[in-house]
Amino acid sequence: MKNLFRLQFIFSLLVILVSCAGSPKPGEMKLAQDLYAQYFDLAETYMELSKYDKALPLYETAREDQEFYWTSTYRMAKIYVNQKDWPKATVLYEELLKRDQNNSSLKESLAYCYAMSGNREKALSVYEELFKGGNTSEDILSNIISINASYLKDEKLSENEKQAYKDAAETYFEKLKEMYPENKNISAFEKIFNPEQTS
């Protein structure tokens, strides 16, 4: 109920402010900044309520003000991931990474978008970069193994190419077993690499 009242108040304020549009006068710049802040706040409220379709255009408008640009861009990327719109999410994560090139969380999100959109090579490259950079989490290792293993049934590849991907997957699989012996994916990976032993 509190959120609903807040939404109604902010929406009413936005309607009033937009209806007063015209050429800016001294002192109206503050009003414009407040308007973008209201757009952003309303988007945040919709985001909390998981009303992504309503939050998205509000973040888009809030991005017109530099103060809200990067946060709105990040929130929009998360919405696109939630909507499984991998191309749009990818574009935004790539933009965010240009600004913050060492952000491993953004890199991991971008790698996930690459993988989900079928760009295995780019996904694999980013995941391996993260691993070599010190992010040795279970998820990173599992994703590297999964992507390498996904090439084993690719009929376009030669047997030598498949073997190279299998070798890479098995190398990372050994690291996964050593570092995370309780990992839930181990038995599934065992079936991929040693089907005769698990049948």
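This dialogue explains how several features of the predicted model may be read.

Visitor: Where should a reader begin, and which elements does the chain contain?

Guide: One begins with the secondary structure. This predicted model has 11 helices and 0 strands. The chain has 199 residues, of which 36% count as buried. It exposes about 12,200 Å², and carbon and sulfur atoms supply 51% of that area.

Visitor: How much of the contact within the chain joins residues 24 or more positions apart?

Guide: Among contacts with a separation of 6 or more, residues 24 or more positions apart account for 47%.

Visitor: How does one read a single helix, and what span does α9 reach?

Guide: One may compare the span with the expected value. Helix α9 has 21 residues, and from its first C-alpha to its last it reaches 30 Å, close to the 30 Å expected at 1.5 Å a residue.

Visitor: Which residues of α9 are buried?

Guide: The general idea comes from helical geometry. An α-helix has 3.6 residues a turn, so residues three or four places apart point the same way. In this structure the buried residues of α9 are K162, Y165, A169, Y172, F173 and L176. They lie on the same side of α9, because they cover an arc of only 115° around the axis. On the other side of α9, the residues E159, N160 and E178 are exposed.

Visitor: What covers the buried residues of α9?

Guide: The cover includes α7, α8 (residues 138-150) and α10 (residues 186-193). F173 offers a detailed case: leaving aside residues up to four places away in sequence, F173 touches I145, I186, F189, E190 and F193.

Visitor: How should one read a nonpolar core, and how many residues has the largest one?

Guide: In soluble globular proteins, nonpolar side chains tend to be buried together. Here the largest nonpolar core has 50 residues. The residues with the most contacts inside this core are Y59, Y93, Y127, I144, I145, F173 and L176. Helix α2 (residues 28-48) gives the largest share of the core, 8 residues.

Visitor: How does one read a salt bridge, and how many are there by this rule?

Guide: One looks for a side-chain nitrogen of Lys or Arg within 4 Å of a carboxyl oxygen of Asp or Glu. By this rule the count comes to 9 salt bridges. One of them joins E159 and K162, whose closest N and O atoms are 3.8 Å apart.

Visitor: Why are E159 and K162 separated by about one helical turn?

Guide: The reason is that they are 3 residues apart in helix α9 (residues 159-179). The two partners differ in exposure: E159 counts as exposed because its relative accessibility is 58%, whereas K162, at 14%, is buried.

Visitor: Which salt bridge links distant parts of the chain?

Guide: E129 forms a salt bridge with K107, and their closest N and O atoms are 2.8 Å apart. E129 belongs to helix α7 (residues 120-132) and K107 to helix α6 (residues 104-116), 22 residues apart. E129 counts as partly exposed at 41% relative accessibility, while K107 counts as buried at 15%.

Visitor: Is R63, a partner of E60, buried or exposed?

Guide: R63 is buried, because its relative accessible area is 15%, and the cut-off for buried is under 20%. E60 is partly exposed, at 37% relative accessibility. In the salt bridge between E60 and R63, the closest N and O atoms are 3.7 Å apart.

Notes
Residues numbered from 1 in each chain as written. Predicted model: local features only at pLDDT ≥ 70, side-chain atom pairs only at ≥ 80, totals over all residues. Heavy atoms only, no water. Buried < 20%, exposed > 50% of the residue type's maximum accessible area, 1.4 Å probe, protein only. Helix = DSSP H or I, 4+ residues; strand = E, 2+ residues; numbered from the N terminus. Expected span 1.5 Å × (residues − 1). Arc of directions from axis to C-beta. Contact = heavy atoms within 4.5 Å. Core = buried A, V, L, I, M, F, W, Y, C linked by side-chain atoms within 4.5 Å. Areas by Shrake-Rupley, 256 points an atom, 1.4 Å probe, with all protein chains shown as cover.
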